[in-house]
Number of protein chains: 2
Amino acid sequence: MAKAKLSPRQQEILKFISRFSEEHQYPPTIREIGEAVGISSTSVVNYNLDKLAEAGYIVRTKRMSRGVRLAEATRNSAGEVVRVPVAGFIFASNPVMVGDTAQTDADEYIDLTRGLVKDSGELYALRVKGDSMIDAMVNDGDIVIMKKTDRVHNGEMAAIWLTDRNETTLKYFYQEGNRIRLQPANPSMEPIYVDNPAQVQIQGKVMLVMRQLS
Amino acid sequence: MAKAKLSPRQQEILKFISRFSEEHQYPPTIREIGEAVGISSTSVVNYNLDKLAEAGYIVRTKRMSRGVRLAEATRNSAGEVVRVPVAGFIFASNPVMVGDTAQTDADEYIDLTRGLVKDSGELYALRVKGDSMIDAMVNDGDIVIMKKTDRVHNGEMAAIWLTDRNETTLKYFYQEGNRIRLQPANPSMEPIYVDNPAQVQIQGKVMLVMRQLS
DNA sequence: TGGTTACCAGAATATTTGTTCTAAATACTA
DNA sequence: TAGTATTTAGAACAAATATTCTGGTAACCA
């Protein structure tokens, strides 16, 4: 996956694959590529495709027709739209209630582009209700895009249900030895420390916060 | 293109094509379809594909490998994508610098869906630098989507250059008689009052605030 | 009942398409 | 300069893939 420099021809090929795929919904064949960039020999195209694959720009599937596609990183994340179901509201006094978001029919959706939420995984959206989450720099009416998970890494922001306080909060999560530090996004606010991990229930990982203004 | 009713098998095929295409970036072959839905004969798959094409659900390209794709109408026609150029940074100590955003080649873009920013008009994005805009509930690293304008209505949020303070700020704008009230998004903060309108230069209207978390 | 239509199966065939091999031209390096 | 790696070309080959043909079953309808 060494990002080697590409020859002009390889760049041209890469560009063509992208354009062709976008336009046709399916990848080009070796011969189609050759024709487009002016290479008569399929072996030369094949050679350059191998180079591109080696450099990590594309992914090939052996012996398969049209078995070439742009690598995740290369792919223009533009056109790709991700539809996220709005699962409900989030506010301090209630735990995040999320049914099975795979359930087909939420009555509302938000369309995002892949570039906004790179991570794959099961996503859902919550509307913020009330201004009890000011410390998270999140206000009434904001929309939070969440990823369904019950585990986060240090430094990631999560929706957390604090069992002892009966409160949902959005905080940066830090496991520090046996103690958990929950850090507000607002740097002027003090963190919460929790010694008993059982009191911290992670309800999801916050991927994106949005505020739409009229 | 008569939307005929589909046999269960045809529905299954349609569904498979959709799922497969989504997953692999390329359409399935006839054999792959057959295997997936439990048809041993390629001719039967071919037969059903013809039916689907006839009914307008898919489009086929003759004699081409993987020459089947969902018709435009069948395909998930998710939202329109809007490409917004990243014009630079915004921080308190400097006025918003925006060249001609129509200029073709910004080196960076953000793709949004139309649903996120309903308003038309010339949009650009700014990255927030530093945490001097906490009062606007906007923090370091956030992205602000702006609309190019020098006028806003009451209650709208704007990027404002305060000439007397030499400071850029994001505030809700209210014209109250001869006085202008600039209200921070954070309800616990006090507004700024400006009596001299010349001291308030509106640099753009804030359409959307986004915070991406790892 | 007979006939028509929709649907299916298996196999053979034709075409497309990826792979491999040999050879040569070009660029790069010691 | 000699030598090595990169890139290109052409052709033959092998595999994947769409197409076509023959025939069969089941449902439906007059």
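**Exercise 1. Find out which residue of β11(B) stands opposite Val209(A), then describe how the two strands pair.**

Step 1. Start at Val209(A) and look across: the residue opposite is Arg211(B), in β11(B). Keep in mind that we're working with a predicted model here.

Step 2. Now zoom out to the strands. β11 of chain A covers residues 200-212, and its pairing with β11(B) is antiparallel, with 5 bridges.

**Exercise 2. Work out how much area chain B and chain A bury between them, and which residues of chain B supply most of its share.**

Step 1. Count the residues in contact: chain A puts in 45 and chain B puts in 44.

Step 2. Get the area. The two chains bury about 3,700 Å² between them, and 56% of that comes from carbon and sulfur atoms.

Step 3. Pick out the top three on chain B. Met137(B), Arg211(B) and Leu213(B) together provide 18% of what chain B buries against chain A, more than any other three residues. Arg211(B) is an old friend by now: it's the residue facing Val209(A).

**Exercise 3. Sort out the polar side of this interface and the elements of chain B that build it.**

Step 1. Try salt bridges: the rule turns up 0 across the interface of chain B and chain A.

Step 2. Try polar contacts instead. Here the rule gives 17 residue pairs, counting those with both residues at pLDDT 80 or more.

Step 3. List the elements. On chain B, at least two residues each come from β3 (81-90), β4 (109-113), β7 (156-162) and β11 (200-212). β11(B) gives the most, at 8 residues.

Step 4. Split the chain B side by class: 22 residues are nonpolar, 12 polar and 10 charged.

**Exercise 4. Describe the protein surface around DNA strand C and find side chains that reach its phosphates.**

Step 1. Gather the neighbours. There are 27 residues around DNA strand C, with Ile30(A), Arg31(A), Arg66(A), Ser40(B) and Ser43(B) the closest. Of the strand's atoms within 4 Å of the protein, 59% belong to sugar and phosphate.

Step 2. Look for phosphate oxygens next to polar side-chain atoms. Ser40(B) has one at 2.4 Å, Tyr47(B) has one at 3.0 Å, and for Ser65(B) the distance is 3.5 Å.

Step 3. Assign elements. Two or more residues come from each of α2 (30-37) and α3 (42-54) in chain A, and α1 (8-24) and α3 (42-54) in chain B. The biggest giver is α3(B), with 6 residues.

Step 4. Finish with the classes: 13 polar, 8 charged and 6 nonpolar residues make up this surface.

Terms used: Residues numbered from 1 in each chain as written. Chains lettered and ligands numbered in written order. Predicted model: local features only at pLDDT ≥ 70, side-chain atom pairs only at ≥ 80, totals over all residues. Heavy atoms only, no water. Near = heavy atom within 4 Å. Polar contact = N/O pair within 3.5 Å; in protein donor to acceptor, adjacent residues only side chain to side chain. Helix = DSSP H or I, 4+ residues; strand = E, 2+ residues; numbered from the N terminus. Nonpolar A, V, L, I, M, F, W, Y, C, P; charged D, E, K, R; others polar. Contact = heavy atoms within 4.5 Å. Buried area = accessible area lost by both parts, 1.4 Å probe. Salt bridge = Lys/Arg side-chain N within 4 Å of Asp/Glu carboxyl O. Pairing = 2+ DSSP bridges.
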